[in-house]
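Colleague: Got a minute? I'd like to go through this structure with you, starting with how the chains meet.

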Amino acid sequence: MASDTLTSGEYIKHHLTNLTFGQHPDGSWGFAHTGEEAAQMGFWAIHVDSMFWSVLLGFILFYIFRKAAKNAHAGVPGGLQNFCEWIVDFINDTVRGSFSGRNPLIAPLAFTIFGWIFLMNFMDLIAVDLLPWLAQLFGQHVLGVDPHHVYFKVVPTTDPNITFGLALGVFILMLYYSIKMKGVGGFFGELAFQPFPKWMFPINLILEGVALIAKPVSLALRLFGNMYAGETIFILIALMYSAGIVMAGFGGLLQLGWAIFHILIITLQAFIFMTLTVVYLDMAHQEHH
Amino acid sequence: MNFNATLIGQMIAFVVFVWFCMKYVWPPMMKALDERKKTIADGLAAAERGQREHELAEERARESLVEAKQQAQEIISRAEKRAAEIVEEAKADARTEGERMIAAARNELDQELNRVKEELRGQVVSIAVAGAEKVLEREVNEQTHNELLTKLAAQI
């Protein structure tokens, strides 16, 4: 549904820009009209679309599960309870398989990560133009702004802020439990005194430090990269809709095929993020060999 | 793609959701799951117990059936024995009764025979007396010849 007034490049760029709220360089607060303006806003700006969908999906997830949890009973489970219990049981088994210690935080954490990331990824499967188009209509007719300046990215996990936000949360937990379980000295020793002998500790520190930092970075970038690439492919296929009826039909087929394949990716990415989180936290809990 | 406060917003949301999940979602779900697990385990144990009891009951039923059969057999044989006894008794009774009846009949017959003999004897005596009267053409005094006549009658 690339509109006639946009070139392909503009269309893609438009789709990949977040709706940013922040302080303009001239001091006034408001939405950025272009990607450049958003970049100029610096750190104290916020991606309204990412945050909105992220929080909304979190609310939906926990609304459903809270409802199931409130009515949970040991009798014959109904449809919703059955579904929720299936997921909870699945998460619980996975956590029990990878996490050797006992910590009541881990399973809920793993569940939150899995369910939330899955839902955020799932937004990718909603037709790529639908929600931005609705947002543009809303912006144009209700708010009276230029629709070309209404940016709306509906998949929060294609925003690195979101994935890094999650990964940093996990990272902080890793540091917290490392220090709690091994003490500051123990944690530092783990970083500095292996794998090489103690006198080589600068090298050890660099190696282990990179390994430590790589964990959250790889968590965040893996999810972001997968979802961003998937989203981009959806957008590229959507470009074919403006290239005649034959190409549009072909594009529709491609869109369908990619969406079906993407079902696998979104689930897999959510699962990988969860599993690695559990594994990293397990490592943080364990005294080193 | 800029890094900005969204990062912090997402972290806060993350913390809140994890806290909410840990506090309000996980415990009731786990409780329900554990309770169900326990219920199922109990149910399975009860089922096993029931099965065992069922087997025991079957065993007991089989035993009492055998016993009942034995008893029945015993009763039947006793009854047969009793029946045979009764038949034997009846036969014996019948035989004695028959013998008694035969004896009575014979007795009667004997009496009749004796009576007929007596009568015949009397008649023969009177015929003999009449014949003798005719032969002697004279009256035979019954009183005087009674001894003679009785002797005669006894000889017949």
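Modeller: Sure. Bear in mind that this is a predicted model. Between chain A and chain B, about 3,700 Å² of area is buried, and carbon and sulfur atoms give 75% of that area.

Colleague: Which residues of chain A lose the most area to chain B?

Modeller: They are A:Phe43, A:Ala74 and A:Asn161, which together make up 16% of what the chain A side buries.

Colleague: And how many residues are in contact on each side?

Modeller: On chain A there are 55 residues in contact with chain B, and on chain B there are 29.

Colleague: What about polar contacts across the interface of chain A and chain B, how many residue pairs?

Modeller: The rule finds eight residue pairs in polar contact there, with both residues at pLDDT 80 or more.

Colleague: Which elements of chain A touch chain B?

Modeller: Those giving two or more residues include helix H2 (35–40), strand E3 (45–47), helix H3 (48–70) and helix H4 (79–98) of chain A. Helices H5, H7 and H8 of chain A are also among them. H3(A) gives the most to that side, with 11 residues.

Colleague: How many salt bridges are there between chain A and chain B?

Modeller: The count is one. The side chains of A:Glu85 and B:Arg36 form that salt bridge, at 2.7 Å from N to O.

Colleague: Are those two buried or exposed?

Modeller: A:Glu85 counts as buried because its relative accessibility is 4%, under the 20% cut-off. B:Arg36 is buried too, with a relative accessible area of 13%.

Colleague: Now the whole model. What is the count of salt bridges over all chains?

Modeller: By this rule it comes to 12. The pair A:Glu85 and B:Arg36 crosses between chains, from helix H4 of chain A to helix H1 (residues 6–136) of chain B.

Colleague: Which residue forms a salt bridge with B:Asp42?

Modeller: B:Lys38 does, and the closest N and O atoms are 3.5 Å apart. Both residues lie in helix H1 of chain B, four residues apart, which is about one turn of the helix.

Colleague: Why does a spacing like that bring residues to one side?

Modeller: An α-helix has 3.6 residues a turn, so residues three or four places apart point the same way.

Colleague: How accessible are B:Asp42 and B:Lys38?

Modeller: B:Asp42 is partly exposed, at 40% relative accessibility. B:Lys38 counts as exposed because its 54% is over the 50% cut-off.

Colleague: Where is B:Glu88, relative to B:Lys91?

Modeller: They are three residues apart in helix H1 of chain B, so about one helical turn separates them. Their side chains meet in a salt bridge at 3.9 Å, N to O. B:Lys91 is partly exposed at 45%, and B:Glu88 is partly exposed at 48%.

Colleague: Which residues are linked in a network of salt bridges?

Modeller: B:Glu112, B:Arg115 and B:Glu119 are.

Colleague: Change of topic. Where is A:Ala270?

Modeller: A:Ala270 is in helix H9 of chain A, which covers residues 244–285. This alanine is buried, with a relative accessible area of 0%.

Colleague: What does A:Ala270 touch?

Modeller: Leaving out residues up to four places away in sequence, A:Ala270 touches A:Phe114, A:Ile117, A:Phe118 and A:Asn121.

Colleague: How far apart are the end C-alpha atoms of H9(A)?

Modeller: They are 59 Å apart, which agrees with the 62 Å that its 42 residues should span at 1.5 Å a residue. H9(A) also has a kink of about 30°, centred on A:Phe261.

Conventions: Residues numbered from 1 in each chain as written. Chains lettered and ligands numbered in written order. Predicted model: local features only at pLDDT ≥ 70, side-chain atom pairs only at ≥ 80, totals over all residues. Heavy atoms only, no water. Buried < 20%, exposed > 50% of the residue type's maximum accessible area, 1.4 Å probe, protein only. Contact = heavy atoms within 4.5 Å. Expected span 1.5 Å × (residues − 1). Bend = angle between axes of the 7 residues up to and from the residue. Buried area = accessible area lost by both parts, 1.4 Å probe. Salt bridge = Lys/Arg side-chain N within 4 Å of Asp/Glu carboxyl O. Polar contact = N/O pair within 3.5 Å; in protein donor to acceptor, adjacent residues only side chain to side chain.
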